[in-house]
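Here is a friendly walk through one protein chain. Have a look at the sequence and the fold, then read on.

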Amino acid sequence: MKVYLKTQFRLSMFKLEHENPSDFYLSCWQKNRTSLPFFCVRLLLFLTCVGILVSSLVIMGGSFSNLGLWFIYMTHWGVLLITITTAFATVVSCQVYFKGPIGEDWQLDPVLDFFLHGMNSIIMFILLMTSRHPIRLMHFYFVLCIGIIYLAFSGIYYAAGGLDPLGNHYIYPTLDWKLPGQTAIMAVVAAVSLIVVYLLVVALGAIRDALTGNFAMRSETMHVSTEPY
C-alpha cells in the first residue's frame, strides 16, 4: 500500500501520458498480442450501448412532449458518455487490428429502467476488468468535473425556466434550486459519493492488474523474443 500510494501521489499522475500504448487495446486476460479478441468484446459492448441509447430515445423520448427533455437527466448523460467511451474503445481496437498498433413520478419501462441504471454499470465493469487501461488515483478530478458540469447545467436549466416532462420546475426532486440549502447538501453528498465510487474503481483496477500481471508479463516477453535483430 505504501509503495502504491507513493507511486500514485505524483504530479505526473495528473497528466494523461502513458508509456505503454498497448495497454489501451490489449485485454489484461490475454497472453498473446493480437487485438482481435478484445476488439470483438468492445464492439459487442458498443453495439449494446447503442441499442440501449436508441431504445431509450424511442421509448422515453416518444412519451415526452419535447424530445429535448430526454437530455436533461443525468442518467441519460451517463448513457451517452458510456456509449461514447465504448465507441472510442472500439475505434482504438479497430484501428490497431486493421492498421497495426497504436426518482420520478411517471413510470419508466422496467426493462429499459434496468438497462439505463443497471446494464450501464455492468458494461463499464466488463470494460474495466478486461482492459489494460491504466486507472490512476489522481484522476479523481475527472468524475468531479462531470458532476460539477451537470450541477451547473441543472442550475442554468432552472434559471432559464426549464421544466421536466410533468411540468415540475426541477429535474430531480433532490436537486431543486428553489431550495438552495438542500441542493448544496445534495451536491456535497454527491461529490463525496463520486469519490468513493472512483476509489472503488481504482481498487478494482488494482485487483485486475494483480490478477492478470503474469499474462501481461508473458505478453511483453513474447513481444521482445519475436523482435527481429
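## Overall fold

Starting at the N terminus, the elements of the protein follow the order α-α-α-α-α-α. That gives six helices and zero strands. Please keep in mind that this is a predicted model. Of the 229 residues in the protein, 31% are buried.

## Helix H2 and the loop before it

Let us begin with helix H2, which covers residues 36-59. With 24 residues at 1.5 Å a residue, H2 should span 34 Å, and its end C-alpha atoms are indeed 34 Å apart, so the two values agree. The buried residues of H2 are Phe38, Phe39, Arg42, Leu45, Cys49, Ile52, Leu53 and Ser56. Val50 is also found in helix H2, but its relative accessibility is 29%, so Val50 counts as partly exposed. In space, the C-alpha atom of Val50 is 9.5 Å from that of Thr86, although 36 residues separate the two in sequence.

Arg33 sits in the loop between helix H1 (2-8) and H2. Its relative accessible area is 27%, which makes Arg33 partly exposed. Arg33 and Ser22 are 11 residues apart along the chain, and their C-alpha atoms are separated by 8.5 Å.

## Asn120 in helix H4

Helix H4 (residues 110-130) contains Asn120. Is Asn120 buried or exposed? With a relative accessible area of 14%, Asn120 is buried, because the cut-off for buried is under 20%. The side chain of Asn120 makes a polar contact of 3.5 Å with the side chain of Ser121.

## Helix H5 and its two faces

Helix H5 takes in residues 140-159. Its 20 residues, at 1.5 Å each, should span 28 Å, and the end C-alpha atoms lie 29 Å apart, which agrees. Which residues of H5 are buried? They are Gly147, Tyr150, Ser154, Gly155 and Tyr157. These buried residues cover an arc of only 165 degrees around the axis, so they fall on the same side of H5.

On the face of H5 turned away from the buried side, you will find the exposed residues Ile148, Ile156 and Ala159. After H5 comes Gly161, with a positive phi near 85 degrees.

## The salt bridge

How many salt bridges does a search of the whole structure find? The search finds one. It joins Asp209 and Arg208, whose closest N and O atoms are 3.0 Å apart.

The two partners can be told apart by their accessibility. Arg208 has a relative accessible area of 0% and is therefore buried. Asp209, at 40% relative accessibility, counts as partly exposed.

## The second largest pocket

Asp209 turns up again in the open space of the model. The second largest pocket holds about 510 Å³ of space. This pocket is lined by 20 residues, and those closest to its centre are His18, Asp23, Arg132, Pro134 and Asp209. Asp209 is thus a residue of the pocket lining as well as a partner of Arg208 in the salt bridge.

Which helix gives the largest share of the lining of the second largest pocket? That share, eight residues, comes from helix H6 (residues 180-225).

Methods
Residues are numbered from 1 along each chain as its sequence is written. This is a predicted model: local features need pLDDT of at least 70, side-chain atom pairs count only at pLDDT 80 or more; totals for chains, interfaces and linings use all residues. Side-chain values use heavy atoms; hydrogens and water are left out. Helices (H or I, at least four residues) and strands (E, at least two) are DSSP runs, numbered from the N terminus. The expected span of a helix is 1.5 Å times one less than its number of residues. Buried means under 20% relative accessible area, exposed over 50%, partly exposed in between (1.4 Å probe, protein chains only). The arc is that of the directions from the helix axis to the C-beta atoms. A polar contact is a pair of N or O atoms within 3.5 Å; within protein, one must be able to donate a hydrogen and the other to accept it, and residues adjacent in sequence count only if both atoms are side-chain atoms. A salt bridge is a side-chain nitrogen of Lys or Arg within 4 Å of a carboxyl oxygen of Asp or Glu. On a 1 Å grid over the protein atoms alone, a cavity is a set of points where a 1.4 Å probe fits but cannot get out, and a pocket is an open set with protein on both sides within 12 Å along at least five of seven lines; lining residues have an atom within 4 Å of a point. Grid points are joined across faces, edges and corners, and a volume is the space filled by probe spheres set on the points.
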